[in-house]
Amino acid sequence: MTQSEGASTMPARAPMDAPGFRFEVLAEDGAARRGRIHTAHGTVDTPAFMPVGTAATVKAMSPAMLQTTGAQMVLANTYHLMLRPGAERVARQGGLHRFMAWPGPILTDSGGYQVMSLAARCTLDEDGVTFASHLDGRRHRLTPERATEIQDLLDATVTMVLDECTPWPIDEAAAAASMRRSMGWAERCRNAFRARPGYGLFGIVQGSVLPELRAESAKRLVGIGFDGYAIGGLAVGEGRALMLETTALTAAALPAERPRYLMGVGKPADLIGAVMRGVDLFDCVLPTRSGRTAQAWTRGGALNLRNARHAEDPRPLDPDCACPTCALHSRAYLHHLVKAGEILAAMLLTGHNLFYYQALMAGLRAAIEQGRLARWADEQARLAAAGDLAPWQGAPATP
Ligand SMILES: [Zn+2]
C-alpha cells in the first residue's frame, strides 16, 4: 500500500447513475477490519482518516496539496457553514464539492457539537437547540429536521444525525436522559433524510462511559437502521483507557456490515488502538492544528520546530517520509520559517502531518491484510517510545 494509491484513486464527479452507498470488508485481523466504503463521490479505503475542513477548507492546504497527502474523504462542519456563508448559498454554488473543489466524499457533522461548545446562549429542549451565533450574535434554531436539510443543501456524501455530545463528567441519570433525547433526534433525522444513491446517513451512539447506556443506544440506532454508525461522546476528558474500553464495547455492539466511525480521535497511538478494537473511520483536528502551531508528527512522536535544537539541522523531519516537505526541506529551514512567522511554515508542516497520518492508515490497512497487526502496532509503539532522532552533531565523517 503506497501513498500514491490514495491520490491515484481520487474519484471523479458523481456519475448520473451513482452506485449505492455500501461498505465491504476485505480482510480482518482480530477485531480490526480492512474495508472499502463506496459512495456517490468515490471509494474510501478503510481504516481511513478524514482531515478536518471546518469552513470548507482544510486549513493551510489547497485541494491539490490535500490530494498529495493521500486523503480520500474530508470532514466539513455544519455549524460553521450554516452561519457563514450559509447552506442555501453553498447550494446555489452547486454544493460543497464544487464550492471547495473537492470532488471526493465529504462527511458533514450535524452541528450539534459546535453549537453546544462554541455558540453563546445555547438552550436545549426536546425538539432541538436554540443558540446565538459566535460571529454576530444572531439567533438560530437547529432541529433534527433542519440539521438534515442543511447537510442536504451542502450536498454532504455522509450526513450525521443531530445529537448531544454528552459532557464529561456526568451522573448516570443525566447521561441516560441525554442519550435518549439523542436517540429520538436520530429517528427524526432518519425520517427527514432524503435518500439518494451513494449518499449515506450515520447514527451516533452516545451513553457516556456507561456500558448499559452504550448498549441501549446502539440497539436503538440499529433498530432505526443507518448506513454507518459513529461512536460519539468520547475524548471529552474521560482518559485514554476508558475511551478505548468504551470504544471496544460499543464497536462490538454494532453490525459488522456497516462502517464504524470514532468521532474526534485522535493521536496516532489512539488511532491504532481504536482500529484494533474495530473502528474504520476517524477525524481529528490534531494534524492540521499542530501544523499551524509548529508541531510535526513523526514515527518518533511529536516535534516542536520552535526548538533551537533544529536551527542548524540539515535533515528532514523524518528521513523515511515520502512527503513533499521532507523531500525538499530541512529542519533548519522549517525552524527558520516558524521563527520568522512565515505562513509557509503552517503549509509545509500541515502537509507533512496529514501525509504522516495517511501513511499511518496505509500501514494499518497493509498490516490487517497481512494478518500482522499486533506486531506492526508493537513496532509503532517502539518507534514512538524511542523518540526523535538524536540532535544533529555536524556533517558525518566521510568513510
Ligand atoms: Zn514528511
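This report describes the zinc site, the nonpolar cores, the helix packing and the backbone exceptions of a predicted model. Residues are numbered from 1 along each chain as its sequence is written, and side-chain values use heavy atoms, with hydrogens and water left out. Local features need pLDDT of at least 70 and side-chain atom pairs count only at pLDDT 80 or more, while totals for chains, interfaces and linings use all residues.

**Zinc site**

Cys 321 (SG), Cys 323 (SG), Cys 326 (SG) and His 352 (ND1) coordinate the zinc ion at 2.1 to 2.3 Å. Donors are N, O and S atoms within 2.8 Å of the metal (3.2 Å for Na, K and Ca); water is not among the atoms, so sites may look incomplete. The arrangement is tetrahedral because the 4 donor atoms subtend angles of 104 to 113 degrees around the ion; for four donors this class requires all angles to lie between 85 and 135 degrees. Ideal angles for four tetrahedral donors are 109.5 degrees. The sequence spacing of the donor residues is C-x1-C-x2-C-x25-H. Cys 323 and Cys 326 are both buried, where buried means under 20% relative accessible area, exposed over 50% and partly exposed in between (1.4 Å probe, protein chains only).

**Nonpolar cores**

A nonpolar core is a set of buried Ala, Val, Leu, Ile, Met, Phe, Trp, Tyr and Cys residues joined through side-chain atoms within 4.5 Å. The largest has 93 residues, of which Leu 107 and Tyr 261 touch the most other members. Helix α15 supplies the largest share of this core, 8 residues. A second, separate core of 15 residues includes the zinc donor Cys 321, together with Ala 296, Ala 345 and Phe 355. Contacts are heavy atoms within 4.5 Å; leaving out residues up to four places away in sequence, those of Tyr 261 include Met 50, Leu 107, Phe 202 and Asp 283.

**Helix packing**

Helices (H or I, at least four residues) and strands (E, at least two) are DSSP runs, numbered from the N terminus. Helix α15 (residues 343-369) and helix α16 (residues 373-386) have axes that come within 8 Å and cross at roughly 150 degrees. Such axes are lines fitted to C-alpha atoms, for helices over the stretch in contact, with angles from 0 to 180 degrees between N-to-C directions. Leu 360, Gly 363, Leu 364, Ala 367 and Ile 368 of α15 meet Leu 373, Trp 376 and Gln 380 of α16.

Helix α14 (residues 331-339) has buried residues including Leu 334, His 335 and Leu 337. The buried residues of α14 pack against β16 (301-304), α13 (324-328) and α15. Helix α11 (residues 268-275) is mostly covered, with 7 of its 8 residues buried.

**Backbone exceptions**

Most residues other than glycine have a negative phi, and most peptide bonds are trans. The exceptions below are two non-glycine residues with positive phi and two cis peptide bonds.

| Residue or bond | Value | Loop |
|---|---|---|
| Ala 101 | phi about 55 degrees | between α5 (96-99) and β6 (106-108) |
| Ser 208 | phi about 50 degrees | between β11 (200-205) and α9 (211-224) |
| Trp 168 to Pro 169 | omega about -5 degrees | Pro 169: between β10 and α8 |
| Val 265 to Gly 266 | omega near 5 degrees | Gly 266: between β13 (260-262) and α11 |

Ala 101 counts as partly exposed because its relative accessibility is 46%, whereas Ser 208, at 6%, counts as buried.

Conventions. Four donors count as tetrahedral if all angles lie between 85 and 135 degrees; four count as square planar and six as octahedral if opposite donors are over 155 degrees apart and all others between 65 and 115; anything else is irregular.
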